[in-house]
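The following questions and answers take one structure and work through its ring pairs, its charged pairs and its strands. Please keep the sequence and the model in view while reading.

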Amino acid sequence: MNRLVLFVALFLAHSLVAWAAGPALIPSGYGGGGRFTALAVDPGDPNRVVAGSDVAGLFVSRDGGDTFAPRGAGLGGLAVAGLAFDPGRPGTLAVLTDEGLYLSRDGGDTLTRLGDMGYGDRFFGSHLLVPLGDDLLVATRSRGVFRVAWRQAAPAVTPVPGLEGRKVNSLARRGDDLFAATPAGAFVVRDGRFVAANAGLGAGRNLTDMAATPESGLFAVEERSGLWRYDAEKSTWERPGPLPGLPPGAKSPARFKALGLDPAAPGRVFLATHPDYWPYLLFVSDNGGQRFSPVTAFTLAPDGPPNYPTGLESVEALAFGPDGKTVFVADWWNLWKSRDGGNRFEQRHKGLQNTVVNALAPVPGQPEAILAATADNGLMVSSDAGTTWARSMAGVVDGHVKDIRISPKDPAKRYLLAEPWKSGDAAGTRTLHLYRTLDGGASWQALPVTVPARTLPGAFASGRPTLLVIDPADDDAVMLGTGGHGLFRVDVPALIRGEVAAVADIGRGLSRPVFFGPQSLLAFAEKPGLLVAGTVSGGIWRSLDGGRTWTAAAAPGGFVFCLAADPSRPGHLLAGLPEKRLLESQDYGASWKERALPGARPPHIPVQAMAFDPARPGLVAVGTSAYDNKAADGLYVSRDGGATFSRVATDTAPVGVTAISPGPGGLWVGFNGLGLWRLPDGR
């Protein structure tokens, strides 16, 4: 046997062994994007730092916050509102999510649910978990405060009465007293229950944060009036000093939310503006809030991927290392680290790929290139299989990119469907923000498509732009789908010329023209005129004439979230349904039979994305999602065309899969908050 044949044989054997043990996902996206909601540094091991996400669970660092890895496989809720380490037991971590409270004994690698003490809200509180001796105090969104004996093998949970039905924004311990910050002011525990403690606050009582250290005392933040300090001798609140000065052009009055007290520097106080207030500001005081200075040194990492923010965004939380020098700030886009006590901050991005991926597209003729349509950050492009990324938004208004398609005839011709943050729709209309490039994305031309606004058929119809498909017979024509306003065919040259007939409504024959996402419509190069549409609450429909007429094909009235066509077996299609169910067709969608993924089939977990691998006939990946940001059930892989499936194991939080596509070196998988991953081809 010659060396080449031996090498190939050994490589294939290794690949088969690896796949026999189960396929594994490899992180392949860019970092630094997404909303970070909570922070904690282990006081017993400052190299262990944990960040929480609004949709993707935990990110854990073992090197002091320089690099992170996603964790949270046992979470039932994906929005993290609070984190706290046990100061007496390194590695013991409490995690408060929108769905419940969890406890980890190994720094976040494995988690056990303690109860349904959840905290779900657009604006999470801060300091929601406060260690108190052998107990942990836990604030909830509407059920009040609980005491958890978290050092016990089976932690007991006891309610602390007095705040039931109120939103608790923060907890703080001053000596033996436990205080709470709420929209109705401050409360303190007296005789075993919370009672009001608002003396001195006056009319402004929306306390958004609260913190205390033995040396600095107890402070609270009121949304409009800023920082307050508690005078324990007088049992009253007082202003330590004037409000921080605002930069020129800033709207007055400012609004404030996040508070941080440096435990190693008495009197050093950080105060941040509310996430809904602009400009985004962070202030620091070295004399207990008597005078504040702005913190302005926020430096993006030179090796970080390009993102639309260039500095500090909406601050959500602050955390401190025990050395008096290390300070972390989490905002709605980045995680920042300071090594000098909070004077200068540097972006941290490695492993923090907290990004929502809407669609993916490989580039024909460029085997290492792939495009990712993302929420917020727009279109991201990699030409080296995900090693580096660049933004491709020249000419595109900032916002979400919903779909991206590349002409199979000319890779330089590409179409993009965007959803700007401000739509600018006129009354009775909806604008579909279509863009085209003829130079591979170096510049984009806006081609807005205005369509009539329909009455949306139910709460499940979003009305938003959802899909873009290039006509296989004519790459100057595209089809645009929406979540309830219809399906349209656009003659792009005619649209540029301003012709009225450039836009045709081809969804009139559909009972419910509600399309969930980019994989809801199939067109076929080998079958001109054939369209297969998967609709929400309308089932599957077929057209043989490009959308002029439609015929119901399967699941009448049912929810269909995605479709996929098998490139190795023409006519072989799969459709994703609720309850981890699938439909399979062998005749281009004329007839269907039902299949299901393994395991239980909860009603809140649908199949949302799927793709066949053109390089490996028979290999198909199917991704699940979940309603209301609940835990999904991960990614499944079949090597026999969908006859049988196995689940891909992972240590990450059970985040929903939003996109799957062929790409460099295998299938690429996009998540609702975990960015991009690759299922390697093993060749």
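Q: Does Asp-471 count as buried or exposed, and at what relative accessibility?
A: This is a predicted model, and the accessibility is computed from it. A residue is called buried when its relative accessible area is under 20%. Asp-471 falls below that cut-off and therefore counts as buried, at a relative accessibility of 16%.

Q: With which side chain does Asp-471 meet in a salt bridge, and at what N to O distance?
A: Asp-471 belongs to strand E39, residues 465-471, and its partner to strand E41, residues 487-491, so the pair ties together parts that are 18 residues apart in sequence. The partner is partly exposed, with a relative accessible area of 26%. The side chain that meets Asp-471 is that of Arg-489, and the N to O distance is 2.8 Å.

Q: Which residue forms a salt bridge with Lys-413, and how far apart are the closest N and O atoms?
A: Lys-413 sits in the loop between strand E35 (399-406) and strand E36 (414-420), while its partner lies in strand E40 (residues 474-482), 63 residues apart, so that the pair links distant parts of the chain. Lys-413 counts as buried at 10% relative accessibility, whereas the partner is partly exposed, with a relative accessible area of 23%. That partner is Asp-476, and the closest N and O atoms are 2.9 Å apart.

Q: What is the N to O distance in the salt bridge of Asp-425 and Arg-430?
A: Asp-425 counts as partly exposed at 28% relative accessibility, and Arg-430 is likewise partly exposed, with a relative accessible area of 31%. Their side chains meet in a salt bridge with an N to O distance of 4.0 Å.

Q: How many salt bridges does the model have?
A: A pair is counted when a side-chain nitrogen of Lys or Arg lies within 4 Å of a carboxyl oxygen of Asp or Glu. By this rule the count of salt bridges comes to 39.

Q: Which kind of aromatic pair do Phe-36 and Phe-59 form?
A: Phe-36 lies in strand E2 (residues 36-41) and Phe-59 in strand E4 (residues 58-61), so the pair ties together parts that are 23 residues apart in sequence. Both Phe-36 and Phe-59 are buried. Planes over 60 degrees apart count as edge-to-face. The ring centres of Phe-36 and Phe-59 are 6.1 Å apart and their planes stand at 75°, so the pair is edge-to-face.

Q: Where is Asn-354 found, and which residues, among them Phe-36 and Phe-59, is Asn-354 in contact with?
A: Asn-354 is found in the loop between strand E30 (344-348) and strand E31 (357-363). With a relative accessible area of 3%, Asn-354 is buried. Leaving aside its neighbours within four places in sequence, Asn-354 is in contact with Phe-36, Phe-59, Gly-33, Gly-34, Arg-35, Ser-53, Asp-54, Val-55, Ala-56 and Gly-673.

Q: What is the angle between the planes in the aromatic pair of Phe-524 and Tyr-588?
A: At 6% relative accessibility Phe-524 counts as buried, and Tyr-588 counts as buried at 12%. Phe-524 and Tyr-588 form an edge-to-face aromatic pair, with 5.3 Å from centre to centre and an angle between the planes of 90°.

Q: How many residues of strand E45 are buried?
A: E45 pairs with E44 in the antiparallel sense over 5 bridges, and with strand E46 (residues 551-554), also in the antiparallel sense, over 3 bridges. Strand E45, residues 539-543, is largely enclosed by the rest of the structure, because the number of its 5 residues that are buried is 5.

Q: Which residue takes a positive phi in the hairpin of E44 and E45?
A: Within the paired strands of this hairpin, Gly-534 stands opposite Ile-540 in E45. The hairpin has 3 residues between the strands, and the residue with a positive phi, near 70°, is Ser-537.

Q: Which are the edge strands of the open sheet with the order E47-E48-E49-E50?
A: This open sheet has 4 strands with antiparallel pairing, and its neighbouring strands are turned by 25° against each other on average, direction ignored. Strand E48 (residues 573-576) and E49 pair over 4 bridges, with Leu-574 opposite Glu-584 in E49. The edge strands, each pairing on one side only, are E47 (562-565) and E50.

Conventions: Residues numbered from 1 in each chain as written. Predicted model: local features only at pLDDT ≥ 70, side-chain atom pairs only at ≥ 80, totals over all residues. Heavy atoms only, no water. Phe/Tyr/Trp six-rings, centres within 6.5 Å; stacked < 30°, edge-to-face > 60°. Helix = DSSP H or I, 4+ residues; strand = E, 2+ residues; numbered from the N terminus. Buried < 20%, exposed > 50% of the residue type's maximum accessible area, 1.4 Å probe, protein only. Pairing = 2+ DSSP bridges. Axes fitted to C-alpha atoms, helices over the stretch in contact; angles between N-to-C directions. Contact = heavy atoms within 4.5 Å.
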